[in-house]
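Open your viewer, switch on the cartoon and keep the selection box handy. We will make a few stops, one selection at a time.

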Amino acid sequence: MYILLLSLTSSLPIGVIAGLYSGLIITRYSRFTSLRSEAIRIVRTIDYMASNNNLVITRTEELPKLFLIVSDLLSLKHRKAAETLSTLNAAILESNALAERGQITSGVYDQRYLHWQKMIREMSPNKAIIFSIKSWHL
């Protein structure tokens with residue numbers, strides 16, 4: 001009986017600490033995936049169609065939110081993902097400007113549109129931050 005009580009009291013703190021740590025990891029990863037999902041949703045809201053040998057881009061009002069997501073990723077110390085999203089945002093703005101001037105075809109824009117989504121889906125978190133014990137920033 002004494003051994004069972006001793007075993008229980010010694011394993012309880014370890015279990016609590018392990019539970020808190022795993023909860024922290026899940027919270028950090030969840031925050032990253034939430035930002036990644038929001039970024040891909042914003043890209044998917046871009047609407048475009050070919051009209052009279054021009055490409056008409058509509059529904060771009062949410063694109064400025066990508067900068068906010070970049071800022072959030074930087075504050076969470078996911079630098080590489082933030083850089084990827086910042087580069088992607090510049091590519092989207094450049095492609096939209098080319099479309100406005102009639103310098104890009106719908107086929108090329110289709111390929112870029114699919115590539116932007118792939119880039120976002122492939123963004124990964126900074127694993128050192130996700131698993132870090134020192135950084136308690138959520």
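Start by selecting residues 47-51 and 54-58: in this predicted model, these are strands β1 and β2, and together they form a hairpin with 2 residues between them. Click on asparagine 52 in the turn, where phi is positive, at about 55°.

Now look across the hairpin. The two strands run antiparallel and are joined by 5 bridges. To see one partnership, pick tyrosine 48, whose bridge partner in β2 is isoleucine 57.

Stay with β2 and show its side chains, which alternate along the strand. Which of them are buried? Leu55 and Ile57 are, and they point to one face. Asn54, Val56 and Thr58 point to the other face and are not buried.

Next, select residues 2-44, which make up helix α1, and find glycine 19 within that helix. Is glycine 19 buried or partly exposed? Glycine 19 counts as partly exposed because its relative accessible area is 38%, between the 20% and 50% limits. Then set a distance from glycine 19 to serine 51: their C-alpha atoms are 57 Å apart, with 32 residues of separation along the chain.

For the last stop, go to histidine 78, in the loop between α2 (65-75) and α3 (79-100). Histidine 78 is buried, because its relative accessible area is 3%, under the 20% cut-off. Display what surrounds this residue: leaving aside residues up to four places away in sequence, histidine 78 touches Phe32, Leu73, Pro125, Asn126 and Ile130. With asparagine 126 there is also a polar contact, as the histidine 78 side chain reaches the backbone nitrogen of asparagine 126 at 2.9 Å.

Key. Residues numbered from 1 in each chain as written. Predicted model: local features only at pLDDT ≥ 70, side-chain atom pairs only at ≥ 80, totals over all residues. Heavy atoms only, no water. Buried < 20%, exposed > 50% of the residue type's maximum accessible area, 1.4 Å probe, protein only. Helix = DSSP H or I, 4+ residues; strand = E, 2+ residues; numbered from the N terminus. Pairing = 2+ DSSP bridges. Polar contact = N/O pair within 3.5 Å; in protein donor to acceptor, adjacent residues only side chain to side chain. Contact = heavy atoms within 4.5 Å.
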